[in-house]
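Hi,

Here is the structure I promised to pass on. Have a look first, and my notes on what turned up follow below.

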Amino acid sequence: MKALVWHGKQDIRYETMPDPEIEDGRDAIIKVTSCAICGSDLHLFHNLMPGMKPGDIVGHETMGEVVEVGKNNKALKPGDRIVVPFTIWCGECDQCRRGNYSVCERSNRNAKVAELVFGHATAGLFGYTHLTGGYSGGQAEYLRVPMADTTHIKVPDHFTDEQALFLSDILPTGWQAAVYCDIEPDDTVAIWGAGPVGQMAIRSAVLLGARQVIAIDFLPERLSMAAAAGAVTINPAEESVKDRLNELTHNKGPDKCIDAVGMESHSQILPEHLYDRTKQSLMMETDRPHTLREAMLMVRPGGVLSVPGVYGGVVDKLPFGAAMNKGVTIRTGQTHVNRWTDELIELIDEGVLDPSFVITHTEPLAKGPEMYPTFESRKDNCIKVVLKPGQ
Ligand code: NAD
Ligand code: ZN
Ligand code: ZN
């Protein structure tokens with residue numbers, strides 16, 4: 001089969017790879033009909049995540065048709081149309097029983113190594129470093145889905161791929177970020193980052209009844225998309241985020257803040273004790289403000305800081321005293337994708353939410369190697385890329 005394969009920093013290739021095979025009774029193999037590039041893939045593209053190996057197939061936003069199932073998989077059959085959640089979950093461990101699927105205790109087969117390197121492990125993730133299990137990704141013609149009897153989302157027949165695909169990641173990620181804010185009718189919610197995750201968070205905050213939603217980003221086309229959803233916009237290149245947020249909140253600060261940027265800003269991926277050994281500067285020097293710091297300082301006392309943005313290792317110089325003394329609630333994590341599926345399918349079905357608005361580019365899978373730099377550089381006003389295998 002053909003797939004997008006990681007070979008190093010800014011080196012993604014379209015190559016022939018072996019077809020995946022059933023390895024376990026719970027598995028399923030799907031023929032991919034649509035997949036997308038995520039902001040998290042850019043962390044791999046920039047080689048910020050330790051644990052990638054040349055030859056790894058990337059991609060974790062994928063859907064398609066089931067073509068084969070393992071002998072113990074009673075939940076799926078060939079012909080079923082499914083979206084694949086990016087977090088692999090077993091459904092049986094203590095965390096899965098609590099609905100904490102992104103910290104499933106069994107799906108990351110390399111959890112022990114991850115604990116040695118990071119001091120912690122996540123669930124198994126598709127196409128996302130050997131420290132999250134090293135599972136082949138879904139930017140490919142076929143994908144093996146481990147634990148597929150739980151790790152799937154059945155798609156209503158009348159949904160298009162474009163309506164359903166983002167149930168895999170960015171839609172539940174934006175939704176979870178907003179739900180974690182416990183939005184009340186009088187709330188102002190400020191969202192840093194109007195990328196795909198930020199866009200979903202903005203719409204979610206509006207749907208969950210926030211009185212005022214504020215979107216902060218440097219990119220005018222992303223701010224226009226946010227404004228179309230009813231958000232007030234701030235471009236830090238043009239005005240002071242602090243002054244404008246104070247003006248919009250009568251100097252109280254936003255009740256709820258969402259960091260949908262992550263480590264594009266200032267962070268260090270490895271824990272301090274491994275930092276020297278790598279002899280590699282992983283500090284990203286930037287003249288941009290540190291999103292997390294800015295949000296921590298701006299959030300109103302008693303407010304919530306919700307962080308869907310991905311961080312790894314050490315993030316230093318955070319004004320934690322401000323968060324502590326203001327009594328801020330901080331909520332974060334990889335998304336427990338399947339926790340939100342039913343309510344999101346209902347919203348899409350009722351026509352309240354159509355996540356396909358975010359797509360700016362649809363291309364054959366073969367064009368993937370060109371689309372990574374396009375998405376990275378935000379060229380051609382690129383916000384979200386969908387790739388189609390077999391075209
Ligand atoms: P993206 O890179 O397309 O969007 C990031 C946006 O942040 C860009 O529009 C950029 O211009 C903006 N930005 C950068 N610095 C900023 C600053 N200082 N202030 C305001 N805006 C700034 O990525 P995305 O796909 O939208 O993903 C966003 C983040 O969410 C990434 O860190 C990604 O890894 C993470 N993510 C997390 C989960 C999860 O499970 N928690 C799932 C998916 C994605
Ligand atoms: Zn993602
Ligand atoms: Zn589990």
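Which residue in strand 13 is the bridge partner of A215? That would be T233. Before going further, keep in mind that this is a predicted model.

The A215 pair belongs to a stretch where strand 12 (residues 212-216) and strand 13 run parallel, joined by three bridges. Both strands sit in an open sheet of six, ordered 13-12-11-14-15-16, with parallel pairing. Strand 13 (232-234) and strand 16 (329-332) each have a single partner strand, so they form the edges and one side of each has no neighbour in the sheet. On average, neighbouring strands here are turned by 20 degrees against each other, direction ignored. Helix 8 (residues 241-248) packs on this sheet and touches strand 11 (188-192), strand 12 and strand 13. The direction of helix 8 makes about 175 degrees with that of strand 12.

There is some antiparallel pairing to look at as well. Strand 5 (residues 61-69) pairs with strand 6 (residues 81-84) in that sense, over four bridges, and M63 has V83 as its bridge partner in strand 6. Strand 6 also pairs with strand 10 (residues 153-154), again antiparallel, over two bridges. There, V83 stands opposite I153 of strand 10.

Now for the domains. The assignment splits the chain into domain 1 (2-169 + 336-388) and domain 2 (171-332), with 25 Å between their centres, taken over C-alpha atoms. Domain 1 puts 23 residues into the contact, and domain 2 puts in 23 residues. On the domain 1 side, the largest share comes from helix 1 (residues 39-45), with three residues. By class, that side of domain 1 has 14 nonpolar, six polar and three charged residues.

And where does ligand 1 lie? Both domain 1 and domain 2 give residues to the shell around ligand 1, so the ligand lies between them. That shell counts 34 residues, the closest being G39, G193, G195, G262 and V310. Helix 1, helix 5 (170-179) and helix 6 (196-207) are the elements that give two or more residues to it. Helix 1 gives the most, with four residues. Sorted by class, the shell around ligand 1 has 16 nonpolar, 13 polar and five charged residues.

If you open just one view, try helix 1: it turns up both in the side of domain 1 that touches domain 2 and in the shell around ligand 1.

Cheers

Terms used: Residues numbered from 1 in each chain as written. Chains lettered and ligands numbered in written order. Predicted model: local features only at pLDDT ≥ 70, side-chain atom pairs only at ≥ 80, totals over all residues. Pairing = 2+ DSSP bridges. Axes fitted to C-alpha atoms, helices over the stretch in contact; angles between N-to-C directions. Contact = placed C-beta atoms within 7 Å. Domains from an automatic or database assignment. Nonpolar A, V, L, I, M, F, W, Y, C, P; charged D, E, K, R; others polar. Near = placed C-beta within 6 Å.
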